[in-house]
Amino acid sequence: MNAPYRLLGPADRVRWWQAQVERVVPAIVTLVLVAAMTVPIFASVPILPHLGLLGVFVWATFQPGLMPPWLAFLIGVACDILFGLPLGINATLLPAVALFVRLVEARYGTHRYGFDWLLASGVIVAFELLQWWLLALAGTHGPLTPLLVQAATTILAYPAIVLLFASIQRRLQAAR
């Protein structure tokens, strides 16, 4: 550890460590959600929501400092590797989502939950359409319908992810 850390008292050291944990929680939770998407489900269409997209969107909306675009890029790389997609599809789109959310938040500031859900719905549909287009450019062209089904399940899963992340956020706040 560095010298300033040694100068901290016991209570300050605990607060310092709690702050460090708070910084990595969004990345860890989002990566766990991405890993959960690899659970084998025997269905002809992708019925699981894109939890990585929801993780990036929700953390970028409510804690933008904890979901910078470079972290969304790393999560996108993990998505591409775990899902067997050409490297760069999610790694391109997830940072774009994080940047877009930052721009919207800077422009509109605080707003209601309905606005967030409507914004998320638009972002999700645009994400899936762009993913389909990028997959076609990468030579792995497929039908659009499965991605639209995934967009619908992702939109429907938005409230549950917001509740989960809010619960995690409250627990982190209570630990202070």
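Accessible areas come from the Shrake-Rupley method with a 1.4 Å probe. Keep that in mind as you open this predicted model and show the surface of the whole chain, since the accessible surface comes to about 9800 Å², and 71% of that surface belongs to carbon and sulfur atoms.

Next, switch to a cartoon view and follow the chain from the N terminus, where you will pass through 7 helices and 0 strands, in the order α-α-α-α-α-α-α. If you then reduce the display to the C-alpha trace, you will find that the trace spans about 60 × 35 × 30 Å along its principal axes.

With the whole chain still selected, colour the residues by burial: of the 176 residues, 39% count as buried. Turning to contacts between residues at least 6 apart in sequence, you can look for those that join residues at least 24 apart, which make up 67% of them.

Now select the charged side chains, of which 10 are positive and 6 are negative, and compare where the two sets are centred, for the centres lie 11 Å apart.

For the last stop, select residues 10-36, which form helix α2, and find isoleucine 28 within that helix. Is isoleucine 28 buried, exposed or partly exposed? Its relative accessible area is 49%, and because partly exposed covers the range between under 20% (buried) and over 50% (exposed), isoleucine 28 counts as partly exposed. Add Val24 and Val32 to the selection, and you will have, together with Ile28, a nonpolar patch on the surface, whose three residues share about 260 Å² of accessible area.

Methods
Residues numbered from 1 in each chain as written. Predicted model: local features only at pLDDT ≥ 70, side-chain atom pairs only at ≥ 80, totals over all residues. Heavy atoms only, no water. Patch = residues over 30% accessible without salt bridge, like charges linked within 9 Å, V, L, I, M, F, W, Y side chains within 5 Å. Salt bridge = Lys/Arg side-chain N within 4 Å of Asp/Glu carboxyl O. Helix = DSSP H or I, 4+ residues; strand = E, 2+ residues; numbered from the N terminus. Buried < 20%, exposed > 50% of the residue type's maximum accessible area, 1.4 Å probe, protein only. Contact = heavy atoms within 4.5 Å. Lys, Arg positive; Asp, Glu negative; His and termini not counted. Charge placed at Lys NZ, Arg CZ, Asp CG, Glu CD.
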